[in-house]
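Good morning, colleagues. Please look at the sequence and the model before I begin.

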Amino acid sequence: MSLEELFKEIIIEHYQHPKNQGHLEHPDAKSDGSNPLCGDEIAMELIFDGNVVRNVMFTGNGCSISQSAASLITEAIKGKTIEETRTIMNEYKNMLAGKEYNADILGDLEALSDVKRYPARVKCASLSVAVLDQALQQKK
Amino acid sequence: MDIERIRKDFPVLSRMVRDKKLVYLDNAATTQKPSVVIDAVADLYKNYNANVHRGVYLLAEESTQAYEDSREAVRRFINANSTKEIVFTRNATEALNLIAYTWGEANIHAGDEIVVSIMEHHSNYVPWFRLAHRKGAVIKIVPSRMDGELDMDAFKSMLSDKTKLVGIVHMSNVFGTINPVKEITALAHKKGAAVVVDGAQSAPHMKIDVRDIDCDFFAVSGHKMLGPTGIGALYAKESYLESMEPFLSGGEMILKVTLDSVVYNELPWKFEAGTPNYEGAIGLKAAIGYLEKMGMDTIESYERELTAYALEKMKTVPGIFIYGPLRAEKKGGIIAFNIKGVHSHDIGTILDSEGIAIRAGHHCAQPLMIDCGVSAMARASFYFYNTKQEIDSLVAALKKSKEIFGHVA
């Protein structure tokens, strides 16, 4: 296992130039979370259009894995239905847990697949989906 | 000092990690153990294990003697007056909590002031924070100066007749700063305040003389000085321990119990309820024996040389920022840093791939992180078994981590 596999160019690109970073006016749902031991922080805000995630933005600070994951996952779910979003999140969790997963559904998020080889870092990659889970529960 | 011979005393140091030689630079978190410590614990279980201070048979006499010999070793190591002043605890944290829940509970009242420094580990802040909340007392925080040393002028200005307790870390687990505890104690005593020194990081690396410092309490951690985990010690002046109520209660800490009366045991056993960690104490005695054989002055001067070398070499890493004093004579072998554009956890993972173990995170000192305007730092911390070659490996890996993340404006 080499470092280049963990710190892929796409991960460093999203870490240094994150997509969907900032705040939304009048979000329909918002949530935040942190990993108390390492200090990674992520907050997410979402706007829905019926059953569709019309917009999503995040703010946060922390390591390259936690911040690139937030950037990549917000890219992946924007414009998707709630059901599609949940499917993406489940496939992503499967990937991090070392289970089988559908790479087509994950797209660029698959760049984080090598994190599973670093048990101490899985929580960095998981923070965004945990925060997203909480936010989605606010959707009636 | 023959480092290669010393390293052979520590079995784990010859381990390979991710196909690389282990470079262990997380000694402020815990130290590795020499064979004499591992063997002392195994010897107890193989040859004379029995609960201490209970049996009348030979094994119990031997285990009790070994346990109490360890107390004498701790007394000698920090130059306390008497073994009555040495209470075994789980760790330095428990020692500090013991003070807060016994002496603190009885002596801190509404409006009293507790003075601690910004450099405190959570273990020497949270117990006082909670005590102050319970009592309506006030906590005052001594800041650090830009050079990473304690702001003694601010400290002096905070002392008043209301000051009842001063809590101070002897060696910061983040900055490595060695605080002038003797001077602090003298100033605090003039105001009639009690002084608690957190010695978790200092006792492993420098000669400690609690009588010279004249502090009222001193907390020691065993596993940070070659000993097993789960054993620490509280030093407290006999007059304090005499006046204090017990902390935990149960077996061992009593002389006589009837259904309507309890007579507490003598010092120090009054503060040691239940079967103690005699395995840990016996390992700690072997650890102290090892340190004394090496000589604390030898250890201190070698580590200072190593720290000076590390500070010089680490400065050459592009984008590095080192926290705390930059002069080795002001600090112990603890160097906290960040590299621009590379988060400390990413540094930790990249170093791990080279077999190098360092700490990344808030180091149980979040107020200090906030004060420095960061949420995390990387930290390399040394012990006498580390070498300059290992520091070269560290510096090379830090440069590599900077390369992986490219040059960020």
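I shall speak about two cavities and then about one helix.

This is a predicted model, in which local features need pLDDT of at least 70, side-chain atom pairs count only at pLDDT 80 or more, and totals for chains, interfaces and linings use all residues. Residues are numbered from 1 along each chain as its sequence is written, chains are lettered from A and ligands numbered from 1 in the order in which they are written, and side-chain values use heavy atoms, without hydrogens and water.

A cavity here is a set of points on a 1 Å grid over the protein atoms alone where a 1.4 Å probe fits but cannot get out, and its lining residues have an atom within 4 Å of a point. Volume is the space filled by probe spheres set on the points, which are joined across faces, edges and corners. The whole structure holds three cavities of 30 Å³ or more.

The largest cavity encloses about 70 Å³, and its lining includes B:His205, B:Glu300 and B:Arg304. The second largest has about 40 Å³, with B:Phe77 and B:Leu284 among its lining residues.

Now to chain A, and helix H4 (residues 82-96); helices are DSSP runs of H or I, at least four residues, numbered from the N terminus. How far apart are the end C-alpha atoms of this helix? They are 21 Å apart, in agreement with the 21 Å that its 15 residues should span at 1.5 Å a residue, the expected span being 1.5 Å times one less than the number of residues. Just after H4(A), A:Gly98 has a positive phi of about 80°.

Technical notes
1 Å grid on protein atoms, 1.4 Å probe; cavity = no way out; pocket = protein on both sides within 12 Å on 5 of 7 lines; lining within 4 Å. Helix = DSSP H or I, 4+ residues; strand = E, 2+ residues; numbered from the N terminus.
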